[in-house]
Amino acid sequence: MSTAGPNAAQAKIEAKQLRAEREARGELISHSRSLELVAQRHGYRDWNTFSAAICDRAPAGWSVGAAVRGRFRGQPITARLLAIERVRPGWYRVSLKLDEPVDVVSFESFSNMRQRITAVLGPAGASREKTSDGQPHLVLQL
C-alpha cells in the first residue's frame, strides 16, 4: 500500500489551507480551483486524476511497524501499527500495540487495562464508534 504523498483527506486539508492563504493575500479562489492547484502541486493534471491515484492510499506514516500517536477513549496513546487493511475507500482496519496499557473503564472501583486495539478508522483518522460524550473511540494523527 503506497504511502508516498498525501491521502485524499490530507489533500483536501491542503487545498483548504491553500485557499485560506490565497484569501489572506486578497486572492479569492474557489474550493474546486484550490483542489486543482493541489493536484498540480503533486504532479497531476487535475483533481480527478489525483483523487483516483490516491483514493486507496493510507495516510502518510500508516504502515506496518510505524509509530503512531492519537487518543483512545480520550486518553493519549503512542503505539506501533501491527496491521492495516483497506475496508473500503478511505476506511482502514488497523491493529495497534500500545506502548503503555490504558484503562478502558472509567468506573473507580475496577479497571480493565488494554494494550492491543483493533478498529476501523475513516478518512479523518477517527473511528465511527463514539463514547457516550460523542468522542470517537480511537483517533490517530494523520
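## Exercises on a predicted protein chain

Val102 is found in strand β3. We will come back to that residue in the first exercise, after a word on the ground rules. This is a predicted model, in which local features need pLDDT of at least 70 and side-chain atom pairs count only at pLDDT 80 or more, while totals for chains, interfaces and linings use all residues. Residues are numbered from 1 along each chain as its sequence is written, and side-chain values use heavy atoms, with hydrogens and water left out.

### Exercise 1: Val102

Work out whether Val102 is buried or exposed, and list what Val102 is in contact with.

*Solution.*
- Begin with the cut-offs: buried means under 20% relative accessible area, exposed over 50%, and partly exposed in between (1.4 Å probe, protein chains only).
- Val102 has 6% relative accessibility, so Val102 counts as buried.
- Next, the contacts (heavy atoms within 4.5 Å). With neighbours within four places in sequence set aside, Val102 is in contact with Phe72, Gln75, Ile77, Asn112, Met113 and Arg114.
- For a distance across the fold, take Gly125: Val102 and Gly125 are 23 residues apart in sequence, and their C-alpha atoms are 19 Å apart in space.

### Exercise 2: The overall layout

Describe the order of helices and strands in the protein chain, then its extent and its burial.

*Solution.*
- Helices (H or I, at least four residues) and strands (E, at least two) are DSSP runs, numbered from the N terminus.
- By that count, the protein chain has three helices and five strands, and along the sequence they follow the pattern α-α-α-β-β-β-β-β.
- The C-alpha trace spans about 60 × 30 × 20 Å along its principal axes.
- Of the 142 residues, 36% count as buried.
- Among contacts with a separation of 6 or more, 43% come from residues 24 or more positions apart.

### Exercise 3: The helices

Find which residues of helix α2 are buried, and name elements that cover them.

*Solution.*
- Helix α2 takes in residues 31-41, and its buried residues are Ser34, Leu35, Leu37, Val38 and Ala39.
- A reminder on helix geometry helps here: an α-helix has 3.6 residues a turn, so residues three or four places apart point the same way.
- The cover over the buried residues of α2 includes α1 (8-24) and α3 (47-54).
- After α2 comes Gly43, with a positive phi near 90°.

Now compare two residues of α1: are Glu14 and Ile13 buried or partly exposed?

*Solution.*
- Glu14 is found in helix α1, and so is Ile13.
- Glu14 has a relative accessible area of 18%, so Glu14 is buried. Not counting residues up to four places away in sequence, Glu14 touches Pro6, Val38, Arg41 and His42.
- Ile13 has 45% relative accessibility, so Ile13 is partly exposed. The C-alpha atoms of Ile13 and His137 are separated by 23 Å, with their positions 124 residues apart along the chain.

### Exercise 4: Aromatic rings

How many aromatic pairs does the structure hold, and how are the rings of Tyr44 and Phe50 arranged?

*Solution.*
- Rings of Phe, Tyr and Trp (its six-membered ring) pair if their centres lie within 6.5 Å; planes under 30 degrees apart count as stacked, over 60 as edge-to-face and the rest as tilted.
- The structure holds three aromatic pairs.
- The Tyr44 and Phe50 ring centres are 4.9 Å apart with planes at 40°, so this pair is tilted.
- Tyr44 is partly exposed at a relative accessible area of 26%, whereas Phe50 is buried at 0%.
- Trp62 and Tyr92 make an edge-to-face pair, 6.4 Å centre to centre with 85° between the planes.
- Trp62 lies in the loop between α3 and β1 (67-72) and Tyr92 in strand β3 (residues 91-103), so the pair ties together parts 30 residues apart in sequence. Both Trp62 and Tyr92 are buried.
- Tyr44, Trp47 and Phe50 form one aromatic cluster.

### Exercise 5: Arginines

Which charged ends sit over the ring of Trp91, and where is Arg73 placed?

*Solution.*
- A charge sits over a ring if NZ of Lys or CZ of Arg is within 6 Å of the ring centre and within 35 degrees of the ring normal.
- The charged end of Arg88 sits over the ring of Trp91, 4.8 Å from its centre. The charged end of Arg128 also sits over the Trp91 ring, 4.8 Å from its centre.
- Arg73 is in the loop between β1 and β2 (75-88). Arg73 is not a glycine, yet its phi is positive, about 50°.
- With a relative accessible area of 35%, Arg73 is partly exposed.
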